[in-house]
Amino acid sequence: MWVDVEAQEILFQGWKPVSATTTAECEATSPANGPMPTSEALVRIPARMVPLIREACDAVERAELR
């Protein structure tokens, strides 16, 4: 994951589900309660990446992006 300061975005790179079954299971348990829009993708982030997510969030705050 990384921060694009110019676009003011945090970008995540992860694994895409390889089966329709996995996608359906994720959509069924998502807090969004429904299918993903076609303009979005599901990216699974392993829990071990939490420190990196915090680091990216800190970078956003340091750059005063909102």
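Among contacts in the protein between residues at least 6 apart in sequence, what percentage join residues at least 24 apart? In this predicted model, the figure is 58%, and the legends below take up the whole chain and then some of its parts.

**Figure 1. The whole protein, with its two helices and two strands.** Followed along the sequence, the elements come in the order β-β-α-α. The radius of gyration is 14 Å, well over the 11 Å that the globule rule gives for 66 residues, so the protein is more spread out than a compact globule. Measured out along its principal axes, the C-alpha trace spans about 40 × 25 × 20 Å.

**Figure 2. The surface and the charges of the protein.** Of the 66 residues, 11% count as buried, a label that is kept for residues under 20% relative accessible area. The accessible surface comes to about 5,400 Å², and carbon and sulfur atoms account for 53% of it. The protein has 6 positive and 10 negative charges, and the mean position of the positive charges lies 8 Å from that of the negative charges.

**Figure 3. The loop between β1 and β2, seen at Gln-8.** Strand β1 covers residues 2–4 and strand β2 covers residues 9–11, with Gln-8 in the loop that lies between them. Most residues other than glycine have a negative phi. Gln-8, which is not a glycine, nevertheless has a positive phi, near 60°. The relative accessibility of Gln-8 is 48%, and because partly exposed residues lie between the cut-offs of 20% and 50%, Gln-8 counts as partly exposed.

**Figure 4. Glu-6, another view of the loop between β1 and β2.** Glu-6 has a relative accessibility of 79%, and so it counts as exposed, since that label applies to values over 50%. Glu-40 is 34 residues away from Glu-6 along the chain, and the C-alpha atoms of these two residues are separated by 21 Å.

**Figure 5. Helix α2, residues 50–62, and the residue Glu-64 just after α2.** Helix α2 has 13 residues, which at 1.5 Å a residue should span 18 Å, and the C-alpha atoms at its two ends are 18 Å apart, so the expected span and the modelled one agree. In an α-helix there are 3.6 residues a turn, so residues three or four places apart point the same way. Just after α2, Glu-64 takes a positive phi of about 55°.

Technical notes: Residues numbered from 1 in each chain as written. Predicted model: local features only at pLDDT ≥ 70, side-chain atom pairs only at ≥ 80, totals over all residues. Heavy atoms only, no water. Helix = DSSP H or I, 4+ residues; strand = E, 2+ residues; numbered from the N terminus. Rg over C-alpha atoms; globule rule 2.2 N^0.38 Å. Buried < 20%, exposed > 50% of the residue type's maximum accessible area, 1.4 Å probe, protein only. Contact = heavy atoms within 4.5 Å. Areas by Shrake-Rupley, 256 points an atom, 1.4 Å probe, with all protein chains shown as cover. Lys, Arg positive; Asp, Glu negative; His and termini not counted. Charge placed at Lys NZ, Arg CZ, Asp CG, Glu CD. Expected span 1.5 Å × (residues − 1).
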